[in-house]
Amino acid sequence: MSTTTPTAPDAGRPGPTAARGRRWAPSAAAAAAAALLLAACTGGEGATSSAATGAASNATTGTTPAASNPAPSSPTPSIPATGDGATTPASGSSDATVTGAPAALGALVGRLYAGQGLGAGATATVAAALEGATPAALPAGAKATTGTWFGTPVAVVTAGRDVTLAVGPTWRVVGGWWPSLGVDAPSLGRPGPRFVLAVGSDARRGEPLDRTRADVLQVVGTDGSGGGGVLGLARDLWVPLSTGGKGKINAAMVFGGPEAQLKTVRAATGLPAEGYVLVGFGGFTRVVDDQGGIPMVVPERVDASHADLVIEKGPQTLTGKQALAYARERKTLPDGDFGRSRHQGQIILAAAVKAKLAGPQAIPAAFTSFSGVGRSDLSAEAMLTYAARLYALNPLEVGRGVAKGAFGTASGQSIVVLGEQARRLFADFRDGRLS
C-alpha cells in the first residue's frame, strides 16, 4: 500500500456539451435512473418479476436482445391512476376525456391538443417545443396519474404515444413528448447534460438523516440525446470540503448537510449537479419492499457479513434488506470500497430497468413514496422532467464507472487520493454520458 500524507483536516473535525444529434425515441430498456432510491421506487408493481429480471440482466451485461426487449410503441400503464378518479372532458377536443385528471388539468390538456395556446399554463421550453405542433384530437384512452413531490402536486398524462408532464396546484405543463402533434423531440427541461447527486445517509436510529456521513454517493447524468451514465464516488476519497479544510468526501454532510455535500462533489468532479436526492437505510428498505423488490442478475455471490446475509449469484428479486446489504457490503469484496460503489451502480441500473417497464405513468406514485422517506432540494418541475428523461435513454449508450485512486493515510485514516483514472472519468462525463 502506498502512503501519502495530504493536508490534515481542520482541528476538531472527524477524520458537468455536445448534443449528438440523434432523433429521440423511447428505448426498450433503461440503463440509468434519476437517483438511487427514486429509480427503485418508480418501478411499480405492474412490471412482472420475470420480465424485469430479464431486462436487468441486459442492463448488467450490456446486451439487449431484440426478441426479449422489443421497443414499445407507446407507454403501457402498469399502475392505476392516483388522481381523483374523475373523467374530465378535455376542453377543445370533441368528446375527449382524461381519466383521473382534476378538472383544471383536463382543460389544460385539451387546450394543448386544440392548439389554443397555453400562456402561463406552460413553461417557456414547452411553449417553444409546441410552436410547430399540428392540432389534433386527444388520443382515446387518455389517463392521468397524480402524486406529490414534497407537497407539490405532480401529474403524468398518457395518451397513446404522447406523454404530458404537469405541476400544480395551478396546473402548468412542464414537459413531455407529443408525436401525435408532429413534435419530433421531447421537451424535458433545459437542454443538454443534466446531473443529480444521489446520497444514501449512514444515519442510524435517532440520528439526523442529513447530518451523518454519506454511505452512498452516485452522480447520475443524462446528455439529453439518449445517453447517460452513473458515476460512483468511494467514501474515502480525500478532497477539499466545501465547509473548509480537507477530509473524506462523505464527511461534508456531517459538517454542512446535503447542500455542503453537493457543493463538495461539484468541486471535486467538475460536474454541475443541479441538486440532490437523499435517503436513509430505513427509507430505502421500506420503499423497495413497498414496490415489490428490485429484480436483477447478481454477477457474483456476495457474503454480506455486516448484515449476516448471503446473496447468491444469478437472477432474483432482491428485497429491501437484501438490496441494502448488497449496496453496503465492502469487507468481503476484493476491491473493497470501489466494489461497494460498483454494486450501488448495479442497483441503480436494475431499478431503472424496472422503472422503464412500469412506464412514465408510475412516476407520480414514486414521487409520493419517496417524499415520505427522503429529502431533496430539487423542485417538482426539475425532478419531474429529469425523471422523465429515463424513458429517452438508449441502453447501449449509458455507462457506469467508479472514481478510483491510490490508497494512502491522513491523520491516521485510510484514504483514497484521486488519480488520473478519476480525472479521465470526470472529463468523460461532462457531456452527460459515460463511455
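Let's start with Ser341: setting aside neighbours within four places in sequence, this residue is in contact with Gln218, Gly232, Leu233, Ala234 and Val402. Keep in mind that this is a predicted model. Beyond Ser341, the briefing turns to salt bridges, and the structure holds 13 of them.

**Around Ser341**

- You'll find Ser341 in helix α8, which covers residues 336-358.
- Ser341 counts as buried because its relative accessibility is 3%, and the cut-off for buried is under 20%.
- Among its contacts, Gly232 and Leu233 fall within strand β10, residues 228-233.

**The Arg194–Glu274 pair**

- Arg194 and Glu274 form a salt bridge, and their closest N and O atoms sit 2.9 Å apart.
- This pair ties together distant parts of the chain, with the two positions 80 residues apart in numbering.
- Arg194 belongs to strand β8 (residues 194-201), while Glu274 is in the loop that runs between α5 (252-269) and β13 (276-279).
- The two partners are not equally covered: Arg194 is buried, at a relative accessible area of 2%, whereas Glu274 is partly exposed at 22%.

**The Asp223–Arg433 pair**

- Here the side chains of Asp223 and Arg433 come together in a salt bridge, at 3.1 Å from N to O.
- Once again distant parts of the chain are linked, and this time the partners are 210 residues apart.
- Asp223 sits in the loop between β9 (214-222) and β10 (228-233), and Arg433 is in the segment after α11 (420-429).
- Asp223 counts as buried, with 2% relative accessibility, and Arg433 is buried too, at 12%.

**The Arg301–Glu312 pair**

- Arg301 and Glu312 also meet through their side chains in a salt bridge, with an N to O distance of 3.4 Å.
- These two are 11 residues apart, and each one is in a loop.
- For Arg301, that's the loop between β14 (294-298) and β15 (302-304); for Glu312, it's the one between β16 (309-311) and β17 (314-318).
- Glu312 counts as partly exposed, because its relative accessibility of 42% falls between the 20% and 50% cut-offs.

**A salt-bridge network**

- Not every salt bridge here is a simple pair: Asp202, Arg204, Asp215, Arg235 and Arg328 are linked in a network.
- One of these network members, Asp215, falls within strand β9, residues 214-222.

Technical notes:
Residues are numbered from 1 along each chain as its sequence is written. This is a predicted model: local features need pLDDT of at least 70, side-chain atom pairs count only at pLDDT 80 or more; totals for chains, interfaces and linings use all residues. Side-chain values use heavy atoms; hydrogens and water are left out. A salt bridge is a side-chain nitrogen of Lys or Arg within 4 Å of a carboxyl oxygen of Asp or Glu. Helices (H or I, at least four residues) and strands (E, at least two) are DSSP runs, numbered from the N terminus. Buried means under 20% relative accessible area, exposed over 50%, partly exposed in between (1.4 Å probe, protein chains only). Contact means heavy atoms within 4.5 Å.
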